[in-house]
Amino acid sequence: MSDVLLVVVDAANVVGSVPDGWWRDRRGAAERLRDRLAVDGVPGRDGPLEIVLVVEGAARGVESVPGVRVESAPGSGDDHMVELVGGAGERPVLVVTADRELRRRVGELGAEVAGPRTVRP
């Protein structure tokens, strides 16, 4: 799996990028994002992918589904995503977030970064 692209998705940031009422049901919004990722993957990215959706706060406990592993951050979602990128070794990593500080942190570790529109219409 060293050549399989690891896609780490910042659930809170991606869900929060569209004002569609997500704040009334954060867990449901994360589940809808997970389901969309399971069906659509990452548009424009061919080849095998490993998608990890990182959830935090009220969205903790969302279950994984085939094609999307969901990880509940024990503390800061950003810190957990940095740990995932740091532990990826030599494999390619794409982090989906608009968070500037997170983009900087994972970029320093060699990850490619893309904004929420990458996975959300």
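Buried means under 20% relative accessible area, exposed means over 50%, and partly exposed lies in between. The exercises below use these cut-offs on a predicted model.

**Exercise 1. Classify Ala38 as buried, exposed or partly exposed, and place it in the fold.**

Step 1. Locate the residue. Ala38 sits in helix 2.
Step 2. Take its relative accessible area, 34%.
Step 3. Apply the cut-offs. Buried is under 20% and exposed is over 50%, so a value in between is partly exposed. Ala38 is therefore partly exposed.
Step 4. List its contacts, leaving aside neighbours within four places in sequence. They are Val65, Pro66 and Val68.
Step 5. Compare sequence with space for one of these pairs. Ala38 and Pro66 are 28 residues apart in sequence, while their C-alpha atoms are 6.9 Å apart.

**Exercise 2. State which elements the protein chain contains, their order, and whether the chain is as compact as a globular protein of its length.**

Step 1. Count the elements: 4 helices and 5 strands.
Step 2. Read them from the N terminus: β-α-α-β-β-α-β-α-β.
Step 3. Test the compactness. The radius of gyration is 13 Å, and the globule rule gives 14 Å for 121 residues. The two are close, so the chain is as compact as a globular protein of that length.
Step 4. Add the extents. The C-alpha trace spans about 40 × 30 × 25 Å along its principal axes.
Step 5. Check the contact range. Take contacts between residues at least 6 apart in sequence: 59% of them join residues at least 24 apart.
Step 6. Finish with burial and surface. Of the 121 residues, 44% are buried. The accessible surface is about 6,400 Å², and carbon and sulfur atoms account for 48% of it.

**Exercise 3. Describe the largest nonpolar core and find which element gives the most to it.**

Step 1. Start with the members. This core has 23 residues, and Val7, Val9, Leu33, Leu37 and Leu53 touch the most other members.
Step 2. Assign the suppliers. At least two residues each come from strand 1 (5-10), helix 1 (11-15), helix 2 (26-40), strand 2 (49-55), strand 3 (68-72) and strand 4 (93-96).
Step 3. Pick the top contributor. Helix 2 gives the most, with 4 residues.
Step 4. Inspect Val9. Beyond four places in sequence, its contacts include Leu33, Leu37, Leu53, Met81 and Val96.
Step 5. Look for another core. A second, separate one has 15 residues, including Ala73, Met81, Leu102 and Ala111.

**Exercise 4. Find the aromatic pair and name its geometry.**

Step 1. Search the whole structure. The result is 1 aromatic pair.
Step 2. Read its geometry. The ring centres of Trp22 and Trp23 are 5.6 Å apart, with the planes at 80°.
Step 3. Classify. Planes over 60 degrees apart count as edge-to-face, so Trp22 and Trp23 form an edge-to-face pair.
Step 4. Check burial. Trp22 has 17% relative accessibility, so it is buried. Trp23 has 43%, so it is partly exposed.

**Exercise 5. Determine whether Arg91 is buried or exposed, and what its side chain meets.**

Step 1. Place Arg91 in the loop between helix 3 (77-86) and strand 4.
Step 2. Use its 15% relative accessibility. Arg91 is therefore buried.
Step 3. Find the partner. A polar atom of the Arg91 side chain lies 2.9 Å from the backbone oxygen of Val4.

**Exercise 6. Describe both ends of helix 4.**

Step 1. Take the N-terminal end. Asp99 caps helix 4 (residues 100-108), with a side-chain oxygen 3.1 Å from the backbone nitrogen of Glu101.
Step 2. Move past the helix. Gly110, just after helix 4, has a positive phi of about 95°.

Terms used
Residues numbered from 1 in each chain as written. Predicted model: local features only at pLDDT ≥ 70, side-chain atom pairs only at ≥ 80, totals over all residues. Heavy atoms only, no water. Core = buried A, V, L, I, M, F, W, Y, C linked by side-chain atoms within 4.5 Å. Buried < 20%, exposed > 50% of the residue type's maximum accessible area, 1.4 Å probe, protein only. Contact = heavy atoms within 4.5 Å. Polar contact = N/O pair within 3.5 Å; in protein donor to acceptor, adjacent residues only side chain to side chain. Phe/Tyr/Trp six-rings, centres within 6.5 Å; stacked < 30°, edge-to-face > 60°. Rg over C-alpha atoms; globule rule 2.2 N^0.38 Å. Areas by Shrake-Rupley, 256 points an atom, 1.4 Å probe, with all protein chains shown as cover.
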